[in-house]
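Subject: Structure handover

Hello,

Here is the structure I promised to pass on. My notes follow below it.

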Amino acid sequence: FVIYASTETRTANDGLNTVWSTGDDMSVFHAVTDGKTYTKDGQFKLQDVATGQFLGNLNGTLDAQEEYDWYAMYPYSSYVKNPNSSGYMPIGCSASATQTQTGNNSLAHIAGTNYPLVGKAYAVPANTAPALAMTHVATLLEFEVTNSLEEPITVSNITFTAPADLVGTFYIDFDDIDNITVKSSGASYTSKTATLIVKDGEAIEAGESAKFYLPVAPF
């Protein structure tokens, strides 16, 4: 069975645009439109980068007289049993790890398996290949650092702390794609502090600025 996922999102970075990469896969589910009895279809694998075509096997058959809602989550995980948060996914990094940006102003690190994407196609006829517009789950924090000193400065790390869980593993509910919610998988598996390591950062001259990016769970 074939589904198509919008290439406006991605797992390799191109600025704030996203594109699929060879080897990508996702979890796919379906249900009769407006129904809550989900069928887990399992792992669908990318077949064509340009069109976002994914191929996999359905778990059962479709009724030609019905319409279906389709759900997809990148990356694939056997732990996710249905779209309404039955399995956990990493956002940002593990609770004890850090994220790394290479160079000033770089966005290359904000895509990949630690930054889930979800999508839903509503009321698709049984004989039609679903087309899903994928949505980022993570919140992207942008830090602009301006050097107000007389000497150049180099940023080596940024630490951000909030009264909410920021990174680690979370249960993601995307049954309602317009109201995606996340829930901590437990205090031992999440952290209220997120740290960005800046590798090979360039010196910021007096009066100049640079940007640094830290994806975290929405809060």
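Start at Gln 99. Its side chain reaches the backbone oxygen of Pro 215 at 3.0 Å. This is a predicted model, so please read every value as computed from it.

**Gln 99 and its surroundings**

Gln 99 sits in strand E9, which covers residues 99-102. Is Gln 99 buried or exposed? Its relative accessibility is 3%, so Gln 99 counts as buried; the cut-off for buried is under 20%. Leaving aside neighbours within four places in sequence, Gln 99 touches residues from several stretches of the chain, including Gly 92, Cys 93, Tyr 115 and Val 167. Thr 195, Leu 196 and Ile 197 are also among its contacts. So are Leu 214 and Pro 215. Pro 215 is the residue whose backbone oxygen the Gln 99 side chain reaches.

**The three-stranded sheet**

E9 belongs to an open sheet of three strands, in the order E9-E18-E14. The pairing is mixed. E9 and E14 (157-161) are the edge strands, and each pairs on one side only. On average, neighbouring strands here are turned by 20 degrees against each other, direction ignored. E14 and E18 (residues 193-199) run antiparallel and share five bridges. One pair to look at is Thr 161 with its bridge partner in E18, Thr 193.

**The eight-stranded sheet**

There is also an open sheet of eight strands. Its order is E11-E1-E6-E5-E4-E7-E10-E12, again with mixed pairing. The edges are E11 (131-132) and E12 (135-136), each paired on one side only.

Follow the sheet from E5 to E10. E5 (residues 39-48) pairs with E4 in the antiparallel sense, over six bridges. Val 28 has Gly 42 in E5 as its bridge partner. E4 (residues 25-32) then pairs with E7, antiparallel, over six bridges. Here Ala 31 stands opposite Asp 69 in E7. E7 pairs in turn with E10 (residues 117-125), antiparallel, over seven bridges. Glu 67 has Pro 125 in E10 as its bridge partner.

How many of the eight residues of E7 (residues 67-74) are buried? Seven are, and the strand is mostly covered.

**Backbone points to check**

Most residues other than glycine have a negative phi, and most peptide bonds are trans. Three places in this model go the other way.

- Tyr 74 and Pro 75 are joined by a cis peptide bond, with omega about -5 degrees. Pro 75 lies in the loop between E7 and E8 (84-91).
- Asp 34 has a positive phi, near 70 degrees. It is in the loop between E4 and E5. With 56% relative accessibility, Asp 34 counts as exposed.
- Ala 123 has a positive phi, near 55 degrees. Ala 123 is in strand E10. Its relative accessible area is 22%, so Ala 123 is partly exposed.

**Salt bridges**

How many salt bridges are there? The count comes to three.

Lys 36 pairs with Asp 175, with the closest N and O atoms 2.5 Å apart. This bridge links distant parts of the chain, 139 residues apart. Lys 36 is in the loop between E4 and E5, and Asp 175 is in the loop between E15 (167-173) and E16 (181-184). The two ends differ in cover. Lys 36 is exposed, at 55% relative accessible area, whereas Asp 175 counts as buried, at 12%.

Glu 142 and Lys 211 meet at 3.9 Å, N to O. They too link distant parts of the chain, 69 residues apart. Glu 142 is in strand E13 (residues 139-146), and Lys 211 is in strand E19 (residues 209-216). Glu 142 counts as partly exposed at 45% relative accessibility. Lys 211 counts as partly exposed at 28%.

Asp 165 pairs with Lys 192, with the closest N and O atoms 3.3 Å apart. Asp 165 lies in the loop between E14 and E15, and Lys 192 in the loop between E17 (190-191) and E18, so the bridge ties together parts 27 residues apart in sequence. Asp 165 is partly exposed, at 22% relative accessible area. Lys 192 is partly exposed as well, at 42%.

Best wishes

Note on methods
Residues numbered from 1 in each chain as written. Predicted model: local features only at pLDDT ≥ 70, side-chain atom pairs only at ≥ 80, totals over all residues. Heavy atoms only, no water. Helix = DSSP H or I, 4+ residues; strand = E, 2+ residues; numbered from the N terminus. Buried < 20%, exposed > 50% of the residue type's maximum accessible area, 1.4 Å probe, protein only. Polar contact = N/O pair within 3.5 Å; in protein donor to acceptor, adjacent residues only side chain to side chain. Contact = heavy atoms within 4.5 Å. Pairing = 2+ DSSP bridges. Axes fitted to C-alpha atoms, helices over the stretch in contact; angles between N-to-C directions. Salt bridge = Lys/Arg side-chain N within 4 Å of Asp/Glu carboxyl O.
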